[in-house]
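Biologist: Please show me the model. I would like to go through its packing with you.

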Amino acid sequence: MPIIATQPSVRVVTLRIDGQDLSAREDETIIEVCRENKIPIPSLCWMEGLSVVGACRLCMVEVAGQNRLLAACATRVAEGMEITTNSEKLQRYRRTLVELLFAERNHVCSVCVSNGHCELQWLANTCGVDHVRMPYRNSGYAVDSTHEMFRVDHNRCVLCTRCVRVCDEIEGAHTWDVMGRGSDCQVITDLAKPWGESDTCTSCGKCVQVCPTGALVKQGTSVGEMVKDQHFLPILARRRSAR
Amino acid sequence: MSTQPAATAATSQATTGSAAQIQPAPDTSGTKISVATIWLDGCSGCHMSFLDMDERLVDLAQQIDIVYSPLVDSKELPEQVDVGIIEGSISNEEDLHKAKLFRERCKLLVSLGDCAVNGNVPAMRNPFKLEAVYERAYLENVNIHQQIPTQGVPALLQTVKPVHAVVDVDVFIPGCPPHADSIHYVLSELLAGRRPEPLRMTRFGA
């Protein structure tokens, strides 16, 4: 039986993004409007179908009349808003953010199972990162291969928390969470038990599919073989909200 | 470490000074661009990729002169070179010395490949203490003549570094190895007196 769409009483606002006059529903965020209108804004933690955390700061934009930058994923559109998405300042900040992600952990792209299918790699290229100007931290992180199907390599984790949110909000298992602060911060399964010993994990693999890098991968994949499929997420999210 | 201001200075120099100087004059066929290449801590894959330019090397040889390289016989780096290309990371004292020598003598310095650009596989030893690395390589994994070499080999640095961490670099070509097309693109742009944008062609791990 088809789901009958109810007509919500949301208003339409008009706004200007990079000199382009646009209209949008007032309950939309800036990044949603940009994605609909093919205006490229880099993002990492944001994902259609998951809740918003505004953690990666890559989608920061300039809004006229605001003396600070706003995260496009966490800011709703408003009537008459004037937004700049790609100023020189924003480009500089984004490049620095991506460089810091590379400097923090050990993303050795050439030997990564996600090589060529990685959002961080793609971001490096779109943000002009041809080298990292800061010194690398060179701290080693653990690799947990105890799960029979999946593996987590914390050296390649960017702490976007997509895995945490998809596990909680879509799968409903809440196996993943976040532990520690600063450079010790890491995603954990159950109460920092090895993944293979988790009582809550359903082995659905959603966390693996939404992970933007080679941090969460399938066992048995070799360099460049880990191709992820994230198409399921908007579909499941829509069904869930239509319930 | 902040090489940015220096690198920018070198960059602007390269676009206004060096790159203009290295622009070939097709009618005065006597002047070729001198190119030096070196293989530091890498696998030589980048040099192999250089050779993979195949028949394009013939045309290239009309315009450039390889004055020092693992690919040619000369043993001494000339005092003045137009373009220096470094493959591999800075892992020991010899690498460090050679990178500095290249910077001194080359007008334009190119980091070729992921090892030179970001440390790559050689830098995977960095999370471990140097003593542990020595022990693993020369004691734990060896059955006979277990010993840590001290003579005739350069001492390892505490951490492996990308080239731009020790000297200023003008052009970065990421990739493991960068495709021959990427190397050809960069050299062609430099020969045309333009500033190459290697990220159009290649990326980390490419």
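Biologist: Which residues does Ile30(A) touch, leaving out those up to four places away in sequence?
Modeller: This is a predicted model, where local features need pLDDT of at least 70, side-chain atom pairs count only at pLDDT 80 or more, and totals for chains, interfaces and linings use all residues. Residues are numbered from 1 along each chain as its sequence is written, with chains lettered from A and ligands numbered from 1 in the order in which they are written. Contact means C-beta atoms, placed from the backbone, within 7 Å. Ile30(A) touches Val61(A), Ala72(A), Thr75(A), Val77(A) and Ile83(A).

Biologist: Which element gives the most to the largest nonpolar core?
Modeller: A nonpolar core joins buried Ala, Val, Leu, Ile, Met, Phe, Trp, Tyr and Cys residues through C-beta atoms within 7 Å; buried means 20 or more other C-beta atoms within 10 Å of a residue's own. The largest has 59 residues, and Ile30(A) is among those touching the most other members. Elements giving two or more residues include helix H1 (30–36) and helix H4 (162–171) of chain A; helices are DSSP runs (H or I, at least four residues), numbered from the N terminus. Five residues come from the top contributor, H4(A).

Biologist: How many residues does domain 2 of chain A bring to its contact with domain 1?
Modeller: An automatic or database assignment sets domain bounds: here domain 1 (12–86) and domain 2 (112–242) of chain A. Their centres, over C-alpha atoms, are 25 Å apart. Domain 1 of chain A brings eleven residues, and domain 2 of chain A brings 17 residues.

Definitions and conventions:
Contact = placed C-beta atoms within 7 Å. Buried ≥ 20, exposed ≤ 12 C-beta atoms within 10 Å, placed from the backbone.
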